[in-house]
Amino acid sequence: MRTAYTADQIRAAEHTLMATLPPGTLMQRAAAGLAAACAALLGKVYGSRVVLLVGSGDNGGDALWAGERLARRGARVAAVLAGAKTHEAGLAAFLRAGGRVAERDALGTADLVVDGLVGIGASGALREPYAGLAEEANAGRAPVVAVDVPSGVDASTGRVEGAAVRARLTVTMGALKTGLLVDPGAARTGRVELVDIGLGPHLPGPDVAALTDGDVAGLLPRPGNESDKYRRGVLGVLAGSDLYTGAAVLAVGGALRAGAGMVRYAGPAEPVAQVRAAWPEAVITPLDRPSIEDVGRVQAWVLGPGLGTGDWAHELAAQVLGTHLPVLVDADGLSVVAGDRSLLRRSAPTLITPHAGELARLIRAGREDIEAARLEHARAAAAELGVTVLLKGSTTVVAEESRPVRVNPTGTSWLATGGTGDVLSGVAGALLAQGLGPYDAGSCAAYLHGLAGRLAADGAPLAAADVATAVPAAVRALTART
Ligand SMILES: NC(=O)C1=CN([C@@H]2O[C@H](COP(=O)(O)OP(=O)(O)OC[C@H]3O[C@@H](n4cnc5c(N)ncnc54)[C@H](OP(=O)(O)O)[C@@H]3O)[C@@H](O)[C@H]2O)[C@@H](O)CC1
Ligand SMILES: [K+]
């Protein structure tokens with residue numbers, strides 16, 4: 001599990017650790033790691049041209065001390081001082097080592113730029129001259145190494161309110177920061193390298209966490225000798241309508257590929273015909289009235305993709321959410337519960353899988369506000385609605401009250417195409433039916449779906465059905481790597 005922390009959490013841990021060490025120790029540890037990472041990126045240090053962007057705080061101090069180390073190894077290091085003040089000891093040491101202070105035009109000839117403008121002490125959008133320097137560094141040809149966080153990215157949330165550095169590599173001190181894992185910040189970090197400064201024992205429980213291959217391999221249910229199709233988990237899917245048949249086919253496909261022992265599909269005539277043709281494995285109940293009475297036993301339900309939003313959908317939602325079984329609510333199902341939130345008041349596990357627009361309707365917030373602050377809104381929605389929230393998007397996050405938000409590290413932009421959400425519902429539903437709780441089911445499903453998307457796309461466009469097809473390959477890939 002990769003864990004990440006807010007700026008306040010990091011600062012508190014640093015205070016505790018610092019009290020046990022001689023002054024300056026932590027900054028030296030940070031600078032040593034930073035200099036080593038810069039050297040590795042440069043390949044050849046001697047004679048290379050490095051430009052430090054130095055802000056007024058300790059983030060600039062880190063950059064100066066790393067610059068000192070690089071200068072001692074023969075690099076030609078120039079520091080552009082952006083703040084009204086500069087880390088004194090760092091600057092003095094840097095100058096003693098042969099570094100020089102330069103104007104911003106030094107950026108034009110740099111082989112490497114070190115962004116030490118601001119770190120966890122920043123607040124709000126970058127001010128001038130920091131903002132202009134960040135943009136100039138982005139426009140240049142030299143790779144940028146961000147110190148701790150790319151300046152302009154909020155370390156605690158991943159928010160980007162104005163100009164922000166776009167780094168090739170982010171060298172972060174002590175522990176990952178939440179903003180490095182959540183978009184839009186995560187898109188600015190490049191590769192992230194963690195420098196151990198001894199903070200570990202002093203850190204509290206994490207703010208967010210990201211699963212790894214090993215975590216998912218460990219969580220995924222595996223059939224044993226005793227398993228039969230019923231014991232492996234039966235999923236009921238209520239999706240599709242005479243108008244929207246594809247959603248039903250894709251949700252059932254995702255579920256079958258994600259290891260459900262059996263998938264029961266119930267719906268009107270048109271989607272029934274389509275599901276039957278696409279998936280002879282599914283057990284089908286044609287519905288001429290909105291009732292789950294004849295569907296047979298299931299261990300979990302998926303409700304919503306392509307279901308419509310009228311009385312039919314409302315009636316099915318009321319029945320399914322009235323059971324004591326885990327329910328995943330997606331797409332049209334979310335519109336139904338947005339109109340009647342009392343349906344979500346239940347004691348059995350509920351996983352909702354909205355994108356930003358659907359969540360906006362559910363919690364009466366602005367869609368743009370949600371996009372800009374995905375983490376906070378997912379967390380607030382989980383608390384307000386009393387359900388587990390999987391918020392889809394550039395970084396998919398899974399929030400449940402009193403637990404660190406799970407941030408999904410897999411995926412590809414090619415997944416932004418119609419129908420992939422239906423596949424995700426099926427995958428997550430299958431995991432619920434196999435006995436995972438909604439937090440694990442949601443985060444493992446997002447992980448698998450993202451990995452399957454990458455495998456299916458392989459650098460080219462994909463269709464949603466390809467993602468379902470690639471789910472078993474994703475399971476094999478992550479199992480092989482662990
Ligand atoms: N503590 C430790 O043990 C260790 C800390 N370490 C390092 O220290 C970093 C934290 O250092 P920090 O606390 O000095 O804050 P930091 O991020 O450099 O910036 C603060 C200054 O920036 C300014 N500023 C703020 N917002 C701004 C904006 N929007 N636009 C423009 N300017 C803005 C503001 O200055 P002002 O404008 O008020 O003069 C403010 O005072 C941390 O990220 C890590 O790199 C490591 O060495 C490990 C050990
Ligand atoms: K920085």
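The following questions and answers walk through a predicted model, from its two domains to single strands and residues.

Student: Into which domains is the chain divided, and how many Å separate their centres?
Tutor: The division gives domain 1, covering 2-209, and domain 2, covering 213-480. Between them, 12 residues of domain 1 are in contact with 12 residues of domain 2, and the side of domain 1 that touches domain 2 has 6 nonpolar, 3 polar and 3 charged residues. Taken over C-alpha atoms, the centres of domain 1 and domain 2 are separated by 40 Å.

Student: Which feature does UniProt place at residues 212-478?
Tutor: Over residues 212-478 the chain is 48% helix and 13% strand, and the end C-alpha atoms of this stretch are 9 Å apart. The UniProt record, an unreviewed entry, names the feature at these residues as "domain: YjeF C-terminal".

Student: Which strands are the edge strands of the open sheet of 12 strands?
Tutor: The sheet has mixed pairing, and its order is β8-β1-β10-β19-β18-β17-β16-β15-β14-β11-β12-β13. At one end of that order, strand β1 (residues 2-5) is joined to β8 by 2 bridges and the two run parallel, with Tyr5 having Lys177 in β8 as its bridge partner. An edge strand pairs on one side only, and in this sheet that description fits β8 (176-177) and β13.

Student: With which strands does β12 pair in the parallel sense, and over how many bridges?
Tutor: On one side, Gly236 of the neighbouring strand has Arg264 in β12 as its bridge partner, while Ala266 stands opposite Thr285 in β13. The pairings run parallel, and they join β12 to β11 (residues 234-238) over 5 bridges and to β13 (residues 283-286) over 4 bridges.

Student: Which helices take part in the β-α-β units that include β12, and what is the handedness of these units?
Tutor: One unit is made by β11, helix α8 (residues 246-257) and β12, and it is right-handed. Another is made by β12, helix α9 (residues 269-278) and β13, and this unit is also right-handed. The helices asked for are therefore α8 and α9, each in a unit that is right-handed.

Student: How many residues of strand β12 are buried, and on which faces do they lie?
Tutor: In a regular strand, the side chains alternate between the two faces of the sheet. In β12, Met262, Arg264 and Ala266 are on one side, Val263, Tyr265 and Gly267 are on the other, and all of these are buried. Both faces are thus covered, and the count of buried residues in this strand (residues 262-267) is 6 of 6.

Student: Why can Asn59, Asp115 and Ser151 be said to gather at one spot?
Tutor: The UniProt record, an unreviewed entry, places the feature "binding site" at Asn59, Asp115 and Ser151. These residues span 93 residues in sequence, yet they gather at one spot, because no two of their C-alpha atoms are further apart than 9.7 Å.

Student: Is Asp115 buried or exposed?
Tutor: Asp115 lies in strand β5 (residues 112-116), and, not counting residues up to four places away in sequence, it touches residues including Leu53, Ala137, Val144 and Ser151. A residue counts as buried if 20 or more other C-beta atoms lie within 10 Å of its own. Asp115 has 34 such atoms within 10 Å, so this residue is buried.

Student: In which helix is Asn59 found?
Tutor: Asn59 is buried, with 26 other C-beta atoms within 10 Å. Leaving aside its neighbours within four places in sequence, Asn59 is in contact with several residues, among them Gly116, Gly119 and Asp148. The helix that holds Asn59 covers residues 58-72 and is α3.

Technical notes: Residues numbered from 1 in each chain as written. Chains lettered and ligands numbered in written order. Predicted model: local features only at pLDDT ≥ 70, side-chain atom pairs only at ≥ 80, totals over all residues. Buried ≥ 20, exposed ≤ 12 C-beta atoms within 10 Å, placed from the backbone. Pairing = 2+ DSSP bridges. Right-handed = clockwise from strand over helix to strand, strands pointing away. UniProt positions renumbered as here; feature names shortened; annotations may be inferred. Contact = placed C-beta atoms within 7 Å. Domains from an automatic or database assignment. Nonpolar A, V, L, I, M, F, W, Y, C, P; charged D, E, K, R; others polar.
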